[in-house]
Amino acid sequence: MGGMIKDDDLGTAFACVICAGLATCLGAMVVFYPPLVKLANRKLLGASLAFAAGVMIYVSFLDVFTKALDA
């Protein structure tokens, strides 16, 4: 696992983390703004949540699968 972390990689990693945090804050703020809640399309919201759940399951299984192959 262990490898050297390059300075270029470190900056990119921090930028990704900051962008993810800002996106989470923006999504949370939308929920508390009543006019935007009324505009929400339930089918699009359901599809987005299903896609996000699928991605998380895929990443989890991929991580477990690679560890099983190494063992």
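Reading a predicted three-helix chain

Biologist: Which elements have the lowest and the highest mean pLDDT in this predicted model?
Modeller: Among the elements of the chain, helix α2 (residues 34-39) has the lowest mean pLDDT, 78, whereas helix α3 (residues 42-70) has the highest, 87. The chain as a whole averages a pLDDT of 82, and 89% of its residues score at least 70.

Biologist: What makes up the secondary structure of the chain?
Modeller: The chain comes to three helices and zero strands, and from the N terminus on its elements run α-α-α.

Biologist: How do you know that Cys16 has no bond to the sulfur of Cys19?
Modeller: The closest cysteine sulfur to that of Cys16 belongs to Cys19 and is 6.7 Å away; a disulfide requires the two sulfur atoms to be within 2.5 Å, and the pair is therefore too far apart for a bond. Cys19 is likewise in no disulfide, and by this rule the count comes to zero disulfides.

Biologist: Why is Cys19 called exposed?
Modeller: Exposed means a relative accessible area over 50%, and Cys19, with 52%, is therefore classed as exposed.

Biologist: Why is Asn41 called partly exposed?
Modeller: The relative accessible area of Asn41 is 47%, and since the partly exposed class lies between 20% and 50%, Asn41 therefore belongs in that class. Asn41 is located in the loop between α2 and α3. As for burial in general, 0% of the 71 residues of the chain count as buried.

Biologist: What makes the pairing of Asn41 with Lys43 a polar contact?
Modeller: At the start of α3, a side-chain oxygen of Asn41 reaches to within 3.2 Å of the backbone nitrogen of Lys43, and the limit for such a pair of N or O atoms is 3.5 Å, so the distance of 3.2 Å satisfies the limit.

Biologist: How does the reach of α3 from its first C-alpha to its last stand against what is expected, and what is that expected value?
Modeller: Helix α3 has 29 residues and reaches 42 Å from its first C-alpha to its last, which is close to the 42 Å expected at 1.5 Å a residue.

Biologist: Which residues line the largest pocket, and which elements give two or more residues to its lining?
Modeller: The lining consists of Gly27, Val30, Val31, Leu36, Val37, Ala40, Asn41, Leu44, Leu45 and Ser48, and the elements giving two or more residues to it are α1 (7-31), α2 and α3. About 240 Å³ of space lies in this pocket.

Key
Residues are numbered from 1 along each chain as its sequence is written. This is a predicted model: local features need pLDDT of at least 70, side-chain atom pairs count only at pLDDT 80 or more; totals for chains, interfaces and linings use all residues. Side-chain values use heavy atoms; hydrogens and water are left out. pLDDT is the predictor's confidence in each residue, from 0 to 100. Helices (H or I, at least four residues) and strands (E, at least two) are DSSP runs, numbered from the N terminus. Buried means under 20% relative accessible area, exposed over 50%, partly exposed in between (1.4 Å probe, protein chains only). The expected span of a helix is 1.5 Å times one less than its number of residues. A polar contact is a pair of N or O atoms within 3.5 Å; within protein, one must be able to donate a hydrogen and the other to accept it, and residues adjacent in sequence count only if both atoms are side-chain atoms. On a 1 Å grid over the protein atoms alone, a cavity is a set of points where a 1.4 Å probe fits but cannot get out, and a pocket is an open set with protein on both sides within 12 Å along at least five of seven lines; lining residues have an atom within 4 Å of a point. Grid points are joined across faces, edges and corners, and a volume is the space filled by probe spheres set on the points.
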